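Me: Please take a close look at a single strand in this model and describe how it sits among its neighbours. A connected account is preferred to a list.

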Amino acid sequence: MRRSPNDSPDRAPDALGRRDLLKLLVGAGAALSLDPARLAASTIAPSLDWLVAQGLVSKPIPSSGERIPVIGVGTARRYESAATEAERAPLREVVRNLPKLGGRLIDTAPSYGQAESVVGDLVAEVGNRDQLFIATKVGRGRQGVQAGKDEIEASFRKLKTDRIDMLQIHNLGGVPEMLPVLREMKQAKRIRYYGVTTSSDGQYAALEEFMKREPMDVVQVDYAIDNRGVEERILPLAAEKGIAVLTNLPFGRGRVFEKLGKQPLPDWAKAIGITTWAQFALKYVVSHPAVTVAIPGTAKLEYLTDNLGAARGPMPDDATRRRMAALVESA
């Protein structure tokens, strides 16, 4: 089963029982073993004892010190139109098991079709809102402050929550208008963190200017091992200013799998606990000192289990990161 390009508190509450974890590993291993793009080297899944013993690597949000596991869940595409039970069932398992496996953050947006409503419904059904870190966005601020406020209120209703953990101004849509609104909402404790996002290289100069002059908790950018433009100025500036960084599209819209999926995983990658190409791509991203959380699209339980493997074990050092990037460039 080939992964689609579109799937892109520190303690783990309610840990899975050993039998449930074993089922997870066996099921994930069986599914992934059929996918040459995910298990090109066909390595053996981690042992149950290893998985139980290893917590997820987490990083602090600089403005507060609160630590977040470095792998979250993105909801673009697969969550946008999940209307039937057959479509929602695998998404529900992701929502149910994310905190059980040690994760927390789910990122969504009003512009992702019905994703906010789908996330809100599933979290309410599972009943684990207090174990999750919910991030969403506002993009209508460019149409005026009231339009932005109306969109935010709709997000609260769709997500079925009275507090949003992180609210981001989407693609720099009305930053001057909406930043004062978000600051007021944080002061009123309706949101916990705020910031801005962009997925366009053409907006990086504007993003830098906002980062330099406007206090904020977070920025979100696209970043992958074959898409490293933010390494030049955005990530160093975020580190300098103490701004958390969320990164999306860590598989480069599937390009990483297309380039590397038919190759065997190199032994030097296995030596730091990498067992799949997805983990290879994710470990590169989250090992950057300025990156707080990567949010790959995650619509199946086996993908969740695999992705979270990138948050376990050692992270690549600078020399290994250069070696990883060189491998992708030569593919």
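Reply: V138 stands opposite I169 in β6, and that pair is a convenient way into strand β5, residues 133–138. The model is predicted, and the chain holds 13 helices and ten strands.

On one side, β5 is paired with β6 (residues 164–169): the two run parallel and are joined by four bridges. The connection between them involves helix α5, residues 145–159, and β5, α5 and β6 make a right-handed β-α-β unit.

The other pairing of β5 described here is with strand β4, residues 105–107, again parallel, with three bridges. Within that pairing, I106 stands opposite I134 in β5. The chain gets from β4 to β5 by way of helix α4 (residues 115–126), and this β-α-β crossover is right-handed.

As for exposure, β5 is mostly covered, with six of its six residues buried. Side chains leave the strand in two directions: F133, A135 and K137 point one way, and I134, T136 and V138 the other way. All of these are buried, K137 and T136 included. For the chain as a whole, buried residues make up 56% of the 331 residues. The accessible surface of the chain comes to about 13600 Å², and carbon and sulfur atoms account for 50% of that.

In soluble globular proteins, nonpolar side chains tend to be buried together. A135 of β5 belongs to a core of twelve residues, whose members also include L105, L246 and I295. This core lies apart from the largest nonpolar core, which has 83 residues, with I71 and F280 touching the most other members. Helix α11 (residues 277–286) supplies the largest share of the 83-residue core, namely eight residues. Beyond its neighbours within four places in sequence, I71 is in contact with several residues, among them L282, V286, V293, P296 and L308.

Confidence should be kept in view when reading the rest of the model. The average pLDDT of the chain is 88, and 84% of the residues score at least 70. Residues 4–53 are another matter: pLDDT stays under 50 there, and the model has 94 contacts beyond four places in sequence for this stretch.

To return to the strand itself, β5 is joined to β4 by three bridges and to β6 by four, and its six residues are buried.

Definitions and conventions: Residues numbered from 1 in each chain as written. Predicted model: local features only at pLDDT ≥ 70, side-chain atom pairs only at ≥ 80, totals over all residues. Heavy atoms only, no water. Buried < 20%, exposed > 50% of the residue type's maximum accessible area, 1.4 Å probe, protein only. Areas by Shrake-Rupley, 256 points an atom, 1.4 Å probe, with all protein chains shown as cover. Pairing = 2+ DSSP bridges. Right-handed = clockwise from strand over helix to strand, strands pointing away. pLDDT = per-residue confidence, 0-100. Contact = heavy atoms within 4.5 Å. Core = buried A, V, L, I, M, F, W, Y, C linked by side-chain atoms within 4.5 Å.
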